[in-house]
Amino acid sequence: MANYLINQDYSTYTQEDHDIWKMLCDRQSKLTTDKIAKQYLEGFYQLEIDKARVVKIEEVSKVLKAISGWTLVSVSGLLPAKDFFQMIINKCYPVTVSLRKPHEIDFSEQPDIFHDICGHLPLLTNEKFAQFLTAYSRIAIKYVNDDRAVDYLARLYWFTYEMGIISENGENKPYGAAIVTSAEEIANIQDPGIPKHPFDIDQIICTEFTPYSIQKEYFVINSFDDLFSSLENLESKLMGQLMEKTKELYEGKC
Ligand SMILES: [Fe+2]
């Protein structure tokens, strides 16, 4: 069994953990009223997540399975990309058991149970988004041994799944998990000085990102159909980028 697969030992959560969970959920409930994408909110309400105490992953898994057929598995943290994509293809979602510490309340560098449950799960109830994630994973798993391809594919993942924004009646609303679970990111996207580009797959795969700090730019979709469209020619675009890179390296050497 892979060493990242662990049981959620509920007895290890302290009262401070439950207080942090409650504070994060209370704060997010206030933010969700008008600042977050409606597709996210629909999922969030359907899951009926306990806001008072750290959730039991097994219990949430049962609710999610009844809604969308996905199940949850508890893990110690980030897992190898190949394993992650294989789980997604199998409609299984890994949830980190640990919870952020008090000094990480506004921004946590590493995924935690709050990020995974309150950030990612709501959209797994949305059939169209879940299909996008699965289709993306089927492509990504083919390239896990190519570091450059992984870099390009990670950019699409980052600017949608983690940092995605959708235009809703002319307003920018986040659906990406790393925004909806970070008060700082939510405030950041309200700043008119931070660029929000129209969704463009060519631009995205050429845009580097920094995972451990507040974002300097975002990409905005008009609907989840944009995500699907981006996959149509993804592999040929990827090949084009890889060939371009190889050419640059070769010319640099000569
Ligand atoms: Fe995440």
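Helices and strands here are DSSP runs, numbered from the N terminus. With that in hand, the loop between helix 4 (81–89) and strand 2 (92–96) is a good place to start, as it holds Lys91. Please keep in mind that this is a predicted model. The protein chain averages a pLDDT of 92, and 97% of the residues score at least 70. Below is a short tour of its confidence, strands, loops and helices.

**Confidence along the chain**

- Among the elements of the protein chain, the lowest mean pLDDT, 77, belongs to helix 12 (residues 234–253).
- At the other end of that ranking, strand 6 (residues 218–221) has the highest mean, 98.

**The parallel pair: strand 1 and strand 2**

- Strand 1 (residues 71–75) runs parallel to strand 2, and the two are joined over 5 bridges.
- Within this pair, Thr71 faces Cys92 of strand 2.
- Strand 2 is mostly covered, since 4 of its 5 residues count as buried.

**The open sheet of four strands**

- An open sheet is built from 4 strands in the order 4-3-6-5, and its pairing is mixed.
- Strand 4 and strand 5 (196–198) form the edges of this sheet, each pairing on one side only.
- From one strand to the next, the twist averages 40 degrees.
- Strand 3 (residues 165–168) and strand 4 (residues 171–174) contribute an antiparallel pairing with 4 bridges.
- Two opposite positions help to trace that pairing: Glu168 stands across from Glu171 in strand 4, and Ile166 stands across from Lys173 in strand 4.
- As background for reading any such pairing, side chains in a regular strand alternate between the two faces of the sheet.

**Two loop residues with positive phi**

- Most residues other than glycine have a negative phi, so the next two residues deserve a look if you check backbone torsions.
- Lys91 is not a glycine, yet its phi is positive at about 55 degrees.
- Lys91 has 16 other C-beta atoms within 10 Å, so it is partly exposed.
- Asn169, also a residue other than glycine, has a positive phi near 50 degrees.
- Asn169 sits in the loop between strand 3 and strand 4, a hairpin with 2 residues between the strands.
- Asn169 counts as exposed because it has 6 C-beta neighbours inside 10 Å, and the cut-off for that class is 12 or fewer.

**The two sides of helix 11**

- Helix 11 (residues 224–232) has four buried residues to note: Phe224, Asp226, Leu227 and Ser230.
- These residues lie on the same side of helix 11, because they cover an arc of only 150 degrees around the axis.
- Asp225 and Glu232 are exposed, and they sit on the face of helix 11 turned away from its buried side.
- A general point on helix geometry fits here: an α-helix has 3.6 residues a turn, so residues three or four places apart point the same way.

**How helix 6 packs against two other helices**

- Helix 6 (residues 127–140) packs with helix 11 at an angle of about 15 degrees, and their axes are 9 Å apart.
- That angle makes helix 6 and helix 11 roughly parallel to each other, because angles under 35 degrees fall in that class.
- The crossing of helix 6 past helix 11 is left-handed.
- Helix 4 and helix 6 have axes that come within 9 Å and cross at roughly 140 degrees.
- Helix 4 and helix 6 are therefore oblique to each other.
- The crossing of helix 4 and helix 6 is left-handed.

**Two distances across the model**

- Ile113 lies in helix 5 (residues 113–124), and it is buried, with 22 other C-beta atoms within 10 Å.
- From Ile113 to Ser229 the C-alpha to C-alpha distance is 31 Å, with their positions 116 residues apart in sequence.
- Val63 belongs to helix 3 (residues 57–68), and it is partly exposed, with 17 other C-beta atoms within 10 Å.
- Val63 and Ala2 are 61 residues apart along the chain, and their C-alpha atoms are separated by 25 Å.

Notes
Residues numbered from 1 in each chain as written. Predicted model: local features only at pLDDT ≥ 70, side-chain atom pairs only at ≥ 80, totals over all residues. Pairing = 2+ DSSP bridges. pLDDT = per-residue confidence, 0-100. Buried ≥ 20, exposed ≤ 12 C-beta atoms within 10 Å, placed from the backbone. Arc of directions from axis to C-beta. Axes fitted to C-alpha atoms, helices over the stretch in contact; angles between N-to-C directions. Parallel < 35°, antiparallel > 145°, perpendicular 65-115°, else oblique. Left-handed = near helix turned anticlockwise from the far one by under 90°.
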